[in-house]
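Subject: Structure for your review

Dear colleague,

Please find below the structure that I am handing over to you. I would be grateful if you could read the notes that follow it with the model open.

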Amino acid sequence: MMKKFILIVCGSFVGAFLAFLFFMVASMIMSFAIMGSMGMNSKKKTVSVSKHSILKLDLGTTISERGGQAPIDMMSLLQGEGMPQDLGLNTVVSAIENAATDKNIDGIYIECNGVSAAPATLKTMRRALKEFKKSGKWIAAYGHEGINQADYYLASVADSIYLNPVGALDLHGLASVTPYMKKLLDKVGVEMQVVRVGTFKSAVEPYMLEDISDANRLQQEHYLGAIWKEMIDSIAADRKLQSAALNTLCDSMIITMEPQRVIQYKLIDKLAYRTEMDDILRARTQVEKGKDLNFVSPNDMASSLEDAVAGDHIAVVYAVGEIDGAGGMMSAGEEGIDSEKLSKTIHDLMEDDNVKGMVFRVNSPGGSAFGSEQIWKAVMDFKASGKPVAVSMGDYAASGGYYISCCADRIFAERTTITGSIGIFGVIPCPHDLIENKLGVHMASVKTNENADLGAMGLKLTPAQRAGLQNMVNQGYELFTKRCADGRHVTQDSIKKIAEGRVWDGMTAKQIGLVDDFGGIREAVAWVANKAKMGKDYKTQNYPTQSDKLMEMLDKYMVSRYEARLRGEMGLLYDWHKQLQRIMGRDQVLCLMPEGEIRL
């Protein structure tokens, strides 16, 4: 018996030792793979481009704000596939600009594979493509399986658009889809105790109403209509069509439009199989039939955007995602703003004599009211140091996103940017009915003071407590509107007339004074360089520095594995779980825009 016991113990020890040894070897291999791949990437600036090359924009990806932020796949690294090549907006724009002046680049090939990007990001890419055409070089676009609406918005810039003979084009307009959760919350026994300021502050509507309010419908119809008109007008102008006729045509395109019809309506130019498309590109670049085309990727073509620069420069500071993670855990790969870290970054740049100005790139729907105030203070301090500050708004710079933008010397936005939403709210979830009536748990409270149990799980707010929270939210709204009024050099009453939590598109925002100019980062940088008297040979540097890839990989891998398992177990209920998770995390005062998804 003792002998058997000793054998079991020894076997367990040996098994544990071998598992540990395997883990160490795998970790070392992975580390060397990461370091080697990162080393290669860190050394590479731009590739040597051979004659008659083509810049290829493969739209089968999500366009992020900055390149180099894709999660790392451990298995891909171990198999020798190297680091992932994600596509950042800054990378795309830089690549297009370099392609215009590189004598070895003959043109740009846009492969339509279902790009995932918001209208403002697409607008920035589109503007870069139109600038490229001034070089006299060609742009061709191709849809193999088909061309979706976002793809076509970019492809319409091209000199020629080709489509597979059995492919399809999809144009159908914009929509905003918001899940209203009140019935579900009532069923599970959770009451969302809401305090807010602003008739249009609709971020809390899904928790307190069963359907969209008239005010929310009004604001969504306005900004969706304005953004869609901008897109339709741009497409029509480049395809030499009438905007009204094109818009009417979109109503008749149920799901997709057949290839012959899109040629008839002059939405595309020719039909071609992929092999035929390759031959078309070979003819344009003087490559013999059967020989490989010389494609260059945006990551290879772009200038190095993250390496440190020496001497005087303009800091481009990115603020992307929700402020302080309002709303609970974010999905794997999703960005967020840490107000404390971002504020420190801005203060460090303020004290750096080599930094002559700042472009604050804001792509945020808002979040924590407290965090927004801290970032606002940091931007104000930078501005007070005598260095110019311009804001470049991305897809969203609304609510808290506008809060942190409003004190800039100049605000740039795309026509399709979502901004405004100047309002504030607080939400305290109360699962009293769930705990007391459905689970049968009674919460007994013993307290020394009237409000000692404020915020305790399962206890409803008293009228006095709710009034106190409403007063706090009112004070937050007063501060928010004052910050906006001071930053825009107008009266607080004039801000309140366009506030009330209302969301605006970029074009209307310019008309009512919330932004100054249309443009992206390039235009904002040029303005700051001029104000700082840096001449035309100015340099830029992106901040904050990007995170450690190894730690980012481990973190995102663990989160993605957990979420993949959870999604597999819950199926369709997973999305509801995530939504409830966000709801239950909203126990703070927020300035956050509505969560309705704009569907392209």
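The notes below cover helix packing, a surface patch and one loop residue. Please bear in mind that this is a predicted model.

Helix packing

Helix α8, which spans residues 214–239, takes part in both of the packings described here. With helix α9 (residues 243–252), its axis comes within 9 Å, and the two cross at roughly 115°. The two helices are therefore roughly perpendicular. The crossing in which α8 passes α9 is right-handed.

Helix α4, formed by residues 119–133, also packs with α8; the axes lie 12 Å apart and the angle is about 25°. Because angles under 35 degrees count as roughly parallel, α4 is described as roughly parallel to α8. Here α4 passes α8 in a left-handed crossing.

Surface patch

L439, V441, M443 and M457 together make a nonpolar patch of about 380 Å² on the surface. One of these residues, V441, belongs to the loop that connects α16 (432–438) with α17 (463–488). V441 has a relative accessible area of 39%, so this residue is partly exposed.

A loop residue

A308 is located in the loop between α12 (298–301) and β11 (313–320). Its relative accessibility is 74%, and A308 therefore counts as exposed. Although A308 and T545 are 237 residues apart along the chain, a distance of 9.3 Å separates their C-alpha atoms.

Yours sincerely

Definitions and conventions:
Residues numbered from 1 in each chain as written. Predicted model: local features only at pLDDT ≥ 70, side-chain atom pairs only at ≥ 80, totals over all residues. Heavy atoms only, no water. Patch = residues over 30% accessible without salt bridge, like charges linked within 9 Å, V, L, I, M, F, W, Y side chains within 5 Å. Areas by Shrake-Rupley, 256 points an atom, 1.4 Å probe, with all protein chains shown as cover. Salt bridge = Lys/Arg side-chain N within 4 Å of Asp/Glu carboxyl O. Helix = DSSP H or I, 4+ residues; strand = E, 2+ residues; numbered from the N terminus. Buried < 20%, exposed > 50% of the residue type's maximum accessible area, 1.4 Å probe, protein only. Axes fitted to C-alpha atoms, helices over the stretch in contact; angles between N-to-C directions. Parallel < 35°, antiparallel > 145°, perpendicular 65-115°, else oblique. Left-handed = near helix turned anticlockwise from the far one by under 90°.
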